[in-house]
Amino acid sequence: MAEYSCLVVEDSPMMRQLIVFALSRVKNVHVTEADDGITGLKELAAARFDLIITDINMPVMDGLKLVKRVRMDDRHKDVPVIIITTEGSKEDRERAMALGASAYITKPIQAPQVIARVKELLKIS
Amino acid sequence: MDEDNGDRRSRAPASDAPVDLRHEREDVLRTFLRKGIELTEDLISDNAALKRRVEGLEQENATLRRQVAHDDAMRELLSKIQQLEAERLSILSRSAELEDTTRQHEGRHEQIEAELNDLASLYVASQQLSGTLKPARVVQHICEMLEQLVGARRFVLYLVETGVTHALPVAHIGFDENLPRLALEGGAIADACLTGVDRIHEPDEVPEGGEPLAVIPLVMGDVCVAVIAVYELLEHKTEWATVDRELFHLLRRHGAIALIGATLYHDAPDARSVLQALASIPVQPKQPRRASEGSEVQKGDSS
């Protein structure tokens, strides 16, 4: 059975823990955590990932910049990216999608919503 | 006289009979013969008609026999159809039962998923809240719980000053300006600080006088040490979820303890010094309780 590696970039430890909890319920998905965009980029430089989940509002480097950098990186330009956003921040969401994000999840996040998106993008039945 | 005539006719040779008689006899004979022929022809005709009738009856009989055989087969088929129809209805009924059971299981599955999600949120919130001894981090976690888990867009965390006369805003989200110290002279926040009872409006209700949508006092025992005032939720959040009320309950009970614990630790020179208070608690020597003692106690209790 295929194994998948997923990078979660989120500055809020609470949200990160909730996303990791949701991903732990998808079989064969291994999670790496990063608390801002720069740490996320370091992880991306060190390993190959099958999926990236990132928050938009983060210190140091926000999610939009991260998505842009990921799409410029030959190794990860085709990797699906899920952005986490609030329902109100429509502009940010549209910008992220225009930059190449694959899907979005709105806060407050629900584990079934995360699981469904991850399975859809990783093509796990 | 007739006998005499008859005798004479039979005895007299034809050639000797008078011509009239001979003709008459021939006529009679011809008539007789014709009648015989006609009778025979009638008999033949009747016979042929009877034969046809018999054949017709035989055919009819055969048809009726076939019909009877066909009816038997039909009855058998009808019986089979009825049986199959009964089986079909039974299968349909069973299928409907199974679909109903599946729907119930799906509903239960969704319910369990939702409960699991709620428990995960509560677990994460509780762990984060009690996982730090830095006051600023406790405040940050409380704000994250409200913002990320509940979906609050505009809220304030106040510390209640001794005497419950004023509340000091220590964190707020969604306000452009710095908030002033709040005099607890009346209103939902003052009531919550005094009574320790929370006040939660439905999200679609607009409280009068700019009062908060939800006021959650953070209490330690009977003392309210802080209070959360939620003024606005995220646009798409139209109702409180069950987990929101559980999170408020968690904040109400554990928020105060986390704030007090972290502040006490912050003021202490190191972790060991905080635990020095335990040294002053007199240790009571205790013998391990035997199982039989436990059961006797239980018996005594029940009697």
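**Notebook: helix H3 of chain A, the largest pocket and A:Ser12**

I looked up the surroundings of helix H3 of chain A and noted that its buried residues pack against strand S1 (4-9), helix H2 (37-46), strand S3 (51-55), strand S4 (81-86) and helix H4 (90-99) of chain A. The model I am working from is predicted.

I then listed the buried residues of H3(A), which spans residues 63-72: A:Gly63, A:Leu64, A:Leu66, A:Val67 and A:Val70. They lie on the same side of H3(A), because the arc they cover around the axis is only 160 degrees.

At the N-terminal end of H3(A) I found a cap, A:Asp62. One of its side-chain oxygens is placed 3.2 Å from the backbone nitrogen of A:Leu64.

Next I turned to the largest pocket, for which I recorded a volume of about 300 Å³. I noted 16 lining residues, of which A:Asn57, A:Thr86, A:Lys107, B:Glu147 and B:Leu234 are the closest to the pocket centre. I sorted the lining by residue class and obtained 6 charged, 5 polar and 5 nonpolar residues. In chain B, I saw that helix H3 (135-150) and strand S1 (152-160) each contribute at least two residues to this lining.

Last, I checked A:Ser12, which sits in the loop between S1 and helix H1 (13-24) of chain A. Is A:Ser12 buried or exposed? I entered A:Ser12 as buried, because its relative accessible area is 1%, and the cut-off for buried is under 20%. Leaving aside residues up to four places away in sequence, I recorded that A:Ser12 touches B:Glu144 and B:Gln148.

Key: Residues are numbered from 1 along each chain as its sequence is written. Chains are lettered from A and ligands numbered from 1 in the order in which they are written. This is a predicted model: local features need pLDDT of at least 70, side-chain atom pairs count only at pLDDT 80 or more; totals for chains, interfaces and linings use all residues. Side-chain values use heavy atoms; hydrogens and water are left out. Buried means under 20% relative accessible area, exposed over 50%, partly exposed in between (1.4 Å probe, protein chains only). Helices (H or I, at least four residues) and strands (E, at least two) are DSSP runs, numbered from the N terminus. The arc is that of the directions from the helix axis to the C-beta atoms. Contact means heavy atoms within 4.5 Å. A polar contact is a pair of N or O atoms within 3.5 Å; within protein, one must be able to donate a hydrogen and the other to accept it, and residues adjacent in sequence count only if both atoms are side-chain atoms. On a 1 Å grid over the protein atoms alone, a cavity is a set of points where a 1.4 Å probe fits but cannot get out, and a pocket is an open set with protein on both sides within 12 Å along at least five of seven lines; lining residues have an atom within 4 Å of a point. Grid points are joined across faces, edges and corners, and a volume is the space filled by probe spheres set on the points. Ala, Val, Leu, Ile, Met, Phe, Trp, Tyr, Cys and Pro count as nonpolar, Asp, Glu, Lys and Arg as charged, and the others, Gly among them, as polar.
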